[in-house]
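Let's take a look at how this chain is held together, and at what sits inside and on its surface. Have the picture open as you read.

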Amino acid sequence: QVHLVESGGGLVQAGGSLRLSCAASGRALSNYAMGWFRLAPGKEREFAAAISRSGGNQYYADSVKGRFTISRDNAKNTVYLQMNSLRPEDTAVYYCAAGLLYGVSQYDYWGQGTQVTVSS
């Protein structure tokens with residue numbers, strides 16, 4: 001089992017940047033594919049980005065492609081989401097997730113989330 005804790009959220013103006021971190025404890029993060037998801041008020045949870053166990057493959061939702069970058073440091077048991085050119089519609093609680101399968105779903109472990117608010 002793995003325990004995930006997100007950090008790095010906050011308030012930023014449109015066009016700004018934030019970097020989210022997801023620190024893992026328990027089993028080594030290298031055992032898992034990782035994903036970032038977000039949940040905005042009144043909307044369903046949305047997939048944002050995924051990265052394979054080694055970090056060699058990444059996949060992005062169209063809504064964030066070209067602006068967000070997912071990366072990982074398995075030695076530090078940490079996954080990151082660099083968010084650039086932020087827009088008000090990126091406002092949401094962002095969650096990291098760990099799973100055995102790389103992709104947009106089937107994640108087994110979730111963090112508690114970190115709030116990102118983008119002002120116009």
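In this predicted model, the torsion about the S-S bond of Cys22 and Cys96 is about 55°, so the disulfide is right-handed. It's the one disulfide that the structure holds, and its two sulfurs sit 2.0 Å apart. If the word is new to you, a disulfide is a covalent bond between the sulfur atoms of two cysteines.

Which parts does the pair tie together? Cys22 belongs to strand 3 (residues 18–26) and Cys96 to strand 9 (residues 92–99), so the link bridges parts that are 74 residues apart in sequence.

Are these cysteines buried or exposed? Both are buried, and you can set them beside a tyrosine from elsewhere in the chain:

| Residue | Relative accessible area | Status |
|---|---|---|
| Cys22 | 0% | buried |
| Cys96 | 1% | buried |
| Tyr102 | 37% | partly exposed |

Tyr102 is in the loop between strand 9 and strand 10 (109–110). Together with Tyr59 and Val104, Tyr102 makes a nonpolar surface patch of about 290 Å².

Now for the inside. In soluble globular proteins, nonpolar side chains tend to be buried together. Here the largest nonpolar core has 35 residues, and those touching the most other members are Leu4, Met34, Trp36, Ile70, Leu81, Met83 and Tyr94. Elements giving two or more residues to this core include strand 1 (2–7), strand 4 (33–39) and strand 8 (78–83).

Try finding Met34 in the picture. Leaving aside neighbours within four places in sequence, Met34 is in contact with several residues, among them Leu4, Ile70 and our disulfide partner Cys22.

How values were computed
Residues numbered from 1 in each chain as written. Predicted model: local features only at pLDDT ≥ 70, side-chain atom pairs only at ≥ 80, totals over all residues. Heavy atoms only, no water. Disulfide = S-S within 2.5 Å. Helix = DSSP H or I, 4+ residues; strand = E, 2+ residues; numbered from the N terminus. Buried < 20%, exposed > 50% of the residue type's maximum accessible area, 1.4 Å probe, protein only. Patch = residues over 30% accessible without salt bridge, like charges linked within 9 Å, V, L, I, M, F, W, Y side chains within 5 Å. Areas by Shrake-Rupley, 256 points an atom, 1.4 Å probe, with all protein chains shown as cover. Salt bridge = Lys/Arg side-chain N within 4 Å of Asp/Glu carboxyl O. Core = buried A, V, L, I, M, F, W, Y, C linked by side-chain atoms within 4.5 Å. Contact = heavy atoms within 4.5 Å.
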